[in-house]
Amino acid sequence: MSRIQQCFDALRASGRKALIPYVTAGDPNPEMTLPLMHELVEAGVDVIELGIPFSDPMADGPVIQLAMERALAHNVSLRQVMEMVREFRTTNQTTPVVLMGYLNPMERMGYETFAREAAAAGIDGVLTVDLPPEEAEEVAPLFREHGLDCIFLLAPTTTLARARKICEHASGYVYYVSLKGVTGSAALNVTEVADKLAQLRTVTDLPIGVGFGIRDGASAAAVAGVADGVVVGSVLVNQIAAHVGEPEQARAGITAVIREMRAAMDR
Amino acid sequence: MADSNPIDYASVPDQRGHFGPYGGRFVSETLMDALEELETLYEKLSRDPEFQAEFDRDLAHYVGRPSPLYFAERLSAKVGGAQIWLKREDLNHTGAHKVNNTIGQALLAKHMGKPRVIAETGAGQHGVATATVAARLGLKCQVYMGAEDVKRQALNVYRMKLLGAEVIPVTSGSKTLKDAMNEAMRDWVTNIDDTFYIIGTVAGPHPYPKLVRDFQCVIGREAREQSLAQAGRLPDALVACVGGGSNAIGLFHPFLEDQDVAMYGVEAGGDGLETGRHAAPLASGRPGVLHGNRTYLMEDENGQIIETHSVSAGLDYPGVGPEHSWLKDVGRVNYVDATDTEALAAFRELTLVEGIMPALESSHAVAYAMKLAATMRPDQIIVVNLSGRGDKDIHTVAGIDGISV
């Protein structure tokens with residue numbers, strides 16, 4: 001059983017929902033990420049989504065664009081991101097880590113090489129923003145062969161017929177994008193999300209994480225009421241942006257947000 | 001080429017938008033439904049005689065087509081080789097080939113009932129062409145333009161404003177065309193319900209490379225008829241500049257089955273390919289995925305897209321339309337380059353000898369055609385796509401001359 005599945009099974013058994021933070025690897029510098037991952041776990045997260053820096057993050061808003069620019073100023077590469085996870089795994093064998101990013105750095109490395117090295121580093125899943133299942137026919141089976149879960153996106157514009165097809169290709173969990181927009185967009189509408197998730201439950205048994213527009217304990221708790229996981233990114237990355245050069249303050253800001261969300265979700 | 005197993009050029013793209021290994025639809029999930037809707041509508045309208053008649057009518061009476069095929073006799077004599085003929089897309093309304101495509105896509109937007117259009121632009125020609133059709137159809141229009149290009153192309157920025165469009169300078173990344181395209185995609189994903197994205201070149205997710213090609217093919221269809229009528233035969237060679245590659249594909253595509261017609265796509269050589277400061281992904285890049293399609297890209301060893309350089313803003317793009325990648329691999333089109341210096345020399349030469357001031361983009365094609373002509377016989381014919389006029393570049397050229405106008 002994959003680490004992701006184990007994680008969601010355990011959460012289900014205890015009646016809790018997954019808190020899934022996103023941070024861009026290497027933001028604002030490569031030294032930041034490993035201690036941050038450990039502190040996130042201590043603060044109560046269940047799965048970590050680690051962003052792979054890319055020069056052209058088409059689906060991201062300004063907050064994550066700038067995070068990627070900060071990481072790329074240090075030339076943080078996909079290989080280095082995998083190395084960070086390998087180090088993380090020397091002391092943590094339980095928290096699932098999902099790499100989230102765009103296809104081109106993986107294509108450049110070569111899918112076979114990437115899948116093999118990612119699995120060896122202890123990475124559990126891959127979410128490729130610009131890889132819909134239609135284009136994943138070669139890549140997805142290769143990832144699965146190496147024990148990597150393929151996390152696909154579902155959107156408000158995804159028809160039910162399409163969602164069914166996507167979920168057939170997905171494993172681990174699926175990621176529902178709560179609104180039409182880029183990361184860091186305005187607040188989500190929980191009623192709309194609840195309606196859509198009820199429909200999606202008719203086509204899949206996979207856990208459903210919801211992201212985009214979650215910014216505090218209240219919105220995290222509201223989403224946790226209808227979803228299996230709450231994904232939070234831009235509000236964390238904002239803490240890094242506000243404290244470049246002050247890594248301890250940045251990490252303290254992030255863990256404060258996480259603790260607030262955790263408490264609100266578990267209440 | 002008496003090939004027993006000829007390539008079927010009409011077979012691409014396939015149903016999924018693939019040109020061999022290139023093209024496709026690499027976008028985030030939110031856009032997939034809109035792209036499928038656009039594809040379905042376009043498949044229907046492309047076979048609808050009424051839609052085609054509407055398109056042809058607009059091209060005739062609004063754009064001013066057909067554009068002439070002009071024998072540049074003095075330039076040819078000066079070069080001393082093959083005859084150089086110019087396909088005068090610079091004479092179109094708004095001054096470039098871009099309007100052929102924006103007319104077509106605006107008609108699609110109208111059929112879909114979208115009240116708002118967005119576009120990305122590099123040199124500003126596509127932005128102007130989009131703002132123009134938006135004004136004519138009463139559509140709200142926002143144009144994304146790299147902050148660097150806003151500076152380089154101040155005249156076109158003001159033209160767009162006069163046409164009622166809002167120009168949004170993009171300050172992320174390298175602040176040029178690729179970043180404008182990122183930003184337009186972000187806008188589209190946010191405003192997908194009421195917005196039609198008018199992509200300016202034969203790139204992006206399927207069905208854009210196909211539909212933009214189809215709209216631009218009027219260039220090659222006319223050139224083919226005109227060559228037969230005026231010269232009594234098909235040309236020996238076609239030359240067009242390639243940034244994203246829409247003017248080139250428009251000229252080349254209707255000739256692909258004519259095996260005796262050689263084709264040259266001219267990329268921006270910038271300071272020279274050997275310096276690394278250029279915008280020639282077909283010459284020196286490798287396949288990757290950007291902006292919704294797989295194609296040749298300029299990237300570093302980690303798969304990050306690298307900054308490009310060209311004196312012409314319209315060619316300053318690290319990717320290229322996926323059909324060009326395929327045509328390179330199958331060997332049908334020769335992809336070559338012209339440097340900034342060569343393009344500027346051609347700009348001056350055509351202006352002085354023929355009284356025609358080409359866009360700096362098109363000057364790359366003229367520069368290569370002059371080199372090519374010199375190696376050919378006087379009874380041979382080269383058709384060059386003069387894709388745009390150079391008025392917008394006068395500031396750039398004057399600046400290089402150290403003159404402020």
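## Chain B: its contact with chain A and its six-stranded sheet

Across the interface of chain B and chain A, seven salt bridges turn up. Everything here comes from a predicted model, so treat this as a friendly tour of computed values.

**Where the two chains meet**

One of the salt bridges is easy to look up on screen: Asp193(B) pairs with Lys180(A), and their closest N and O atoms are 2.8 Å apart. Polar contacts add to the picture, with 24 residue pairs counted between chain B and chain A, both partners at pLDDT 80 or more.

Which elements of chain B supply at least two residues each to the side that touches chain A? They are β2 (22-26), α1 (29-45), α8 (177-190), β11 (286-290) and β12 (292-297) of chain B. Of the elements, α8(B) gives the most, with eight residues. Sorted by class, this side of chain B holds eleven nonpolar, 14 polar and 15 charged residues.

In terms of contact, 40 residues of chain B meet 38 residues of chain A. The size of an interface is often given as the accessible area lost when the parts come together. Here the area buried between chain B and chain A is about 3100 Å², and carbon and sulfur atoms give 46% of it. Three residues stand out: Glu29(B), Arg186(B) and Gln304(B) supply 22% of the area that chain B buries against chain A, more than any other three residues.

**The sheet in chain B**

Turning to the fold of chain B, there is an open sheet of six strands with mixed pairing, in the order β3-β4-β14-β9-β10-β13. Its edge strands are β3 (69-71) and β13 (334-339) of chain B, each of which pairs on one side only. From one strand to the next, the twist averages 30°.

At the β13(B) end, strand β10 (residues 262-270) of chain B runs parallel to β13(B), and six bridges join the two. To find your place along β13(B), look for Ala338(B), which stands opposite Ala268(B).

Two helices of chain B that pack on this sheet are set out below.

| Helix of chain B | Strands of chain B touched | Angle between directions |
|---|---|---|
| α10 (residues 218-230) | β3, β4 (83-88) and β14 (381-386) | about 135° with β4(B) |
| α14 (residues 340-354) | β3, β4, β10, β13 and β14 | about 80° with β13(B) |

Strands β3, β4 and β14 of chain B are thus touched by α10(B) and also by α14(B).

Key: Residues are numbered from 1 along each chain as its sequence is written. Chains are lettered from A and ligands numbered from 1 in the order in which they are written. This is a predicted model: local features need pLDDT of at least 70, side-chain atom pairs count only at pLDDT 80 or more; totals for chains, interfaces and linings use all residues. Side-chain values use heavy atoms; hydrogens and water are left out. Contact means heavy atoms within 4.5 Å. Buried area is the accessible area (1.4 Å probe) that two parts lose on being put together, summed over both. A salt bridge is a side-chain nitrogen of Lys or Arg within 4 Å of a carboxyl oxygen of Asp or Glu. A polar contact is a pair of N or O atoms within 3.5 Å; within protein, one must be able to donate a hydrogen and the other to accept it, and residues adjacent in sequence count only if both atoms are side-chain atoms. Helices (H or I, at least four residues) and strands (E, at least two) are DSSP runs, numbered from the N terminus. Ala, Val, Leu, Ile, Met, Phe, Trp, Tyr, Cys and Pro count as nonpolar, Asp, Glu, Lys and Arg as charged, and the others, Gly among them, as polar. Two strands pair if DSSP finds at least two bridges between them. Axes are lines fitted to C-alpha atoms, for helices over the stretch in contact, and angles run from 0 to 180 degrees between N-to-C directions.
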